[in-house]
Amino acid sequence: MIDQRLLPNEEVYNLYQSHEQVADAIRSMVIRGAPAIGVAAAMGIALGVRNLRNLSGTELDSRFEAICQLLAQTRPTAVNLFWAINRMRRVYDANKHHPLPEIKELLQQEAIQVYQEDITVNRRIGDHGQALLPNQATVLTHCNAGALATAGFGTALGVIRAAVNAGKSIRVLADETRPFLQGARLTAWELMKDNIPVALITDSMAGHVMKTEEVQAVIVGADRVAANGDVANKIGTYTVAVLAKAHRIPFYVAAPMSTIDFNTATGADIPIEQRSEQEVLELNGKRIAPDCVTARNPAFDVTPAEYVSAIITENGVARPPYAASLRALAKSCVS
Ligand code: MRU
């Protein structure tokens, strides 16, 4: 894995040999972004089982469950993590009576498939989403929903990449995304590498640029979309969505179907990760607030469905009312 905490200053790749190391990498944000942590969890499970020796029956079952549990406890909000773990569980359950070497092989194949499918899915999201962006557009994005946050190509940034590939001229305004700075460090880095024009803004500039510049669209990713279309995404997304509505700018969410959680009725039921105060109180390891002051650090917020103009998936584009349109997309086959 590329260590995303060190970007853009250093490009360091870490090699992991155990599921414990993969769980640590997810928890500490070496790897982040909903689809990417799903892929990492699938690979972590394959790795965990690969390290087991001479086990079968209930002993193997409980070791497998412990591996899944450790990965499930890393981060609570992105449903892709649980989706990927369940996918690995299904393969295990269907094959658990086979010899261990065979189970290892099947789990490894499934993890690689989760990885490869995500790239295909992102390309389809890009194809569906790029049609919504006009030529000569300025697009505002929040956090990083790019290649780094997925197996490749990206969801929100995939739509932008697909629009550029279709010959459109797109300029991006990237919110820096305090406190972890995914926008400044990661989105700006990715887009610069692809020669897509990008200007960085602080989160507090979003309203001003919407008012004073032509912004044709806002596009973001998602960590979990509830059955009614409420969207959990990086903290600050809700603010951007409200601002977009006030300025009559379409607010698009690009996410794979694995991010849609039909078991979660509304955004109020989505668990919001609370991260360390330190991330808010410090910048580059240096304290920026008085010694005794405390801080809050919810890592995600929920944007109510009424602010979302469309949800772009690999199966097509859902429009309000989302309860019906998301269900319809879930039933439709990927063509
Ligand atoms: O805390 P992070 O960096 O994992 O949060 C990431 C986001 O909020 C992304 O927008 C979301 O996961 C979509 S990534 C395609």
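Trainee: Is arginine 161 buried or exposed?

Mentor: In this predicted model, the relative accessibility of arginine 161 is 8%. Buried applies under 20%, so this residue counts as buried.

Trainee: With which residue does the side chain of arginine 161 meet in a salt bridge?

Mentor: The N to O distance of the pair is 2.5 Å. Arginine 161 lies in helix H6 (residues 156-165) and its partner in the loop between helix H7 (182-193) and strand E3 (198-201), so the salt bridge ties together parts that are 33 residues apart in sequence. The partner is partly exposed, at 38% relative accessible area. That partner is aspartate 194.

Trainee: Which residues are joined into one network by salt bridges that share partners?

Mentor: By the rule applied, the count of salt bridges comes to 15. The network formed through shared partners consists of Arg75, Glu273, Arg275 and Glu279.

Trainee: How many salt bridges does the rule find across the interface of domain 1 and domain 2?

Mentor: The protein is divided into domain 1 (19-123) and domain 2 (126-331). The side chains of arginine 75 and glutamate 273 meet in a salt bridge at 2.8 Å, N to O; by their numbers, arginine 75 falls in domain 1 and glutamate 273 in domain 2. Across the interface, the number of salt bridges found is 1.

Trainee: Which helix gives the most residues to the side of domain 1 that touches domain 2?

Mentor: Across this interface there are 16 residue pairs in polar contact. Helix H2 (34-50), helix H4 (79-95) and helix H5 (100-130) each supply at least two residues of the domain 1 side. With 6 residues, the helix that gives the most is H5.

Trainee: How do the residues of that side of domain 1 divide into nonpolar, polar and charged?

Mentor: The centres of domain 1 and domain 2 are separated by 27 Å, taken over C-alpha atoms. Their contact takes 31 residues from domain 2 and 22 residues from domain 1. Between them the domains bury about 2200 Å², of which 53% is on carbon and sulfur atoms. On the domain 1 side, the division is 13 nonpolar, 4 polar and 5 charged.

Trainee: Which residue forms a salt bridge with glutamate 117?

Mentor: The closest N and O atoms of the pair are 2.8 Å apart. Since glutamate 117 lies in helix H5 and its partner in helix H4, the pair ties together parts that are 30 residues apart in sequence. Glutamate 117 is partly exposed at 30%, whereas the partner is buried at 10%. The partner is arginine 87.

Trainee: How many residues apart are lysine 96 and aspartate 61?

Mentor: These two residues form a salt bridge, with their closest N and O atoms 3.4 Å apart. The pair links distant parts of the chain, as lysine 96 is in the loop between H4 and H5 and aspartate 61 is in helix H3 (residues 57-72). Lysine 96 is partly exposed at 25% relative accessibility, and aspartate 61 is partly exposed at 24%. Their separation in sequence, in residues, is 35.

Trainee: How far apart in space are alanine 217 and valine 139, C-alpha to C-alpha?

Mentor: Alanine 217 is placed in strand E4 (residues 217-220) and is buried, at 1% relative accessible area. Beyond its neighbours within four places in sequence, alanine 217 is in contact with residues including Leu133, Val139, Ile249 and Tyr252. Alanine 217 and valine 139 are 78 residues apart in sequence, yet their distance in space is 5.0 Å.

How values were computed
Residues numbered from 1 in each chain as written. Predicted model: local features only at pLDDT ≥ 70, side-chain atom pairs only at ≥ 80, totals over all residues. Heavy atoms only, no water. Domains from an automatic or database assignment. Contact = heavy atoms within 4.5 Å. Buried area = accessible area lost by both parts, 1.4 Å probe. Salt bridge = Lys/Arg side-chain N within 4 Å of Asp/Glu carboxyl O. Polar contact = N/O pair within 3.5 Å; in protein donor to acceptor, adjacent residues only side chain to side chain. Helix = DSSP H or I, 4+ residues; strand = E, 2+ residues; numbered from the N terminus. Nonpolar A, V, L, I, M, F, W, Y, C, P; charged D, E, K, R; others polar. Buried < 20%, exposed > 50% of the residue type's maximum accessible area, 1.4 Å probe, protein only.
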